[in-house]
Amino acid sequence: MLTHRLPHGGAIVLSGGPGAGKTSLLQALARFGYLTVTESGRAVIRQQRALAGDALPWRNRQAFAAAMLDRDRQQYRRYSRRGGPVFFDRGVVDVLGYARLERLLESATLRWAARRYRYAPEVLMLPPWPDIYRHDQERKQTLAEAERTFQVLWDTYLDQGYRPLLVPRGTIRERRDWVLSHLGLACSPIHDAPGKC
């Protein structure tokens, strides 16, 4: 059992531009037994497609941002106080960053939520990586847009009082071990005998 104490209940955000390897890293952390929370953007896109809704980034970006914010707040309330580390694929501040990136209206609700729903002070940022960047049905941005997204999110987290920290490029295993070592967490599956990196 993990006995370390992390700030804000161990609510740790992984952020960055699209296609930087966040999902693969989160899956690697989940295989070690750590709790991970999936990205709201993709979930909203799938839901809206199933419902024939228009809260999609290529149809109604303002509605898409509102839907992401609603889901991120629910996810935070559900998972952030579990008593151990929880790795979030993006967080509420990412929605604020998206609004700034797309020059959307920054509602009072969005600004309030970014202040209210606080994560661990260090945000783990995955940089753009041309070698692994791929398009898919839900990721339609160009690499240049992904790079711009990364910079806007970095600046937004700084603006909100967080400390963005660059996760080095490397294999999934190398990145996983770097994250766990940096946070002082177990570098073996936590259902086995935990060891330090």
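This section describes the sheet and the nonpolar cores of a predicted model.

The sheet is a good place to begin. It is open and built from 5 strands in the order E2-E3-E1-E4-E5, with parallel pairing. Strand E2 (35-37) and strand E5 (163-166) take the edge positions; each has a single partner strand, so one side of each is left without a neighbour in the sheet. On average, and with direction ignored, neighbouring strands of this sheet are turned by 30° against each other. At the E2 edge, E2 and E3 run parallel and are joined by 3 bridges. Val-37 has Phe-88 in E3 as its bridge partner. Helix H7 (residues 172-183) lies across E1, E3, E4 and E5, and runs at about 165° to E4.

Phe-88 appears again in the nonpolar interior. Together with Tyr-119 and Tyr-157, Phe-88 is listed among the residues with the most contacts inside the largest nonpolar core, which has 32 residues. Contributions of at least two residues each come to this core from strands E1 (11-16), E3 (86-89) and E4 (122-126), and likewise from helices H2 (40-51), H3 (61-79), H4 (92-101), H5 (108-116) and H6 (143-159). Another core, of 18 residues, lies apart from it and includes Leu-25, Phe-32, Leu-126 and Leu-183.

Tyr-157 deserves a closer look. With neighbours within four places in sequence left aside, Tyr-157 is in contact with Val-13, Ser-15, Gly-91, Val-93, Asp-94, Val-123, Met-125, Tyr-162 and Pro-164.

Note on methods. Residues are numbered from 1 along each chain as its sequence is written. This is a predicted model: local features need pLDDT of at least 70, side-chain atom pairs count only at pLDDT 80 or more; totals for chains, interfaces and linings use all residues. Side-chain values use heavy atoms; hydrogens and water are left out. A nonpolar core is a set of buried Ala, Val, Leu, Ile, Met, Phe, Trp, Tyr and Cys residues joined through side-chain atoms within 4.5 Å. Buried means under 20% relative accessible area, exposed over 50%, partly exposed in between (1.4 Å probe, protein chains only). Helices (H or I, at least four residues) and strands (E, at least two) are DSSP runs, numbered from the N terminus. Contact means heavy atoms within 4.5 Å. Two strands pair if DSSP finds at least two bridges between them. Axes are lines fitted to C-alpha atoms, for helices over the stretch in contact, and angles run from 0 to 180 degrees between N-to-C directions.
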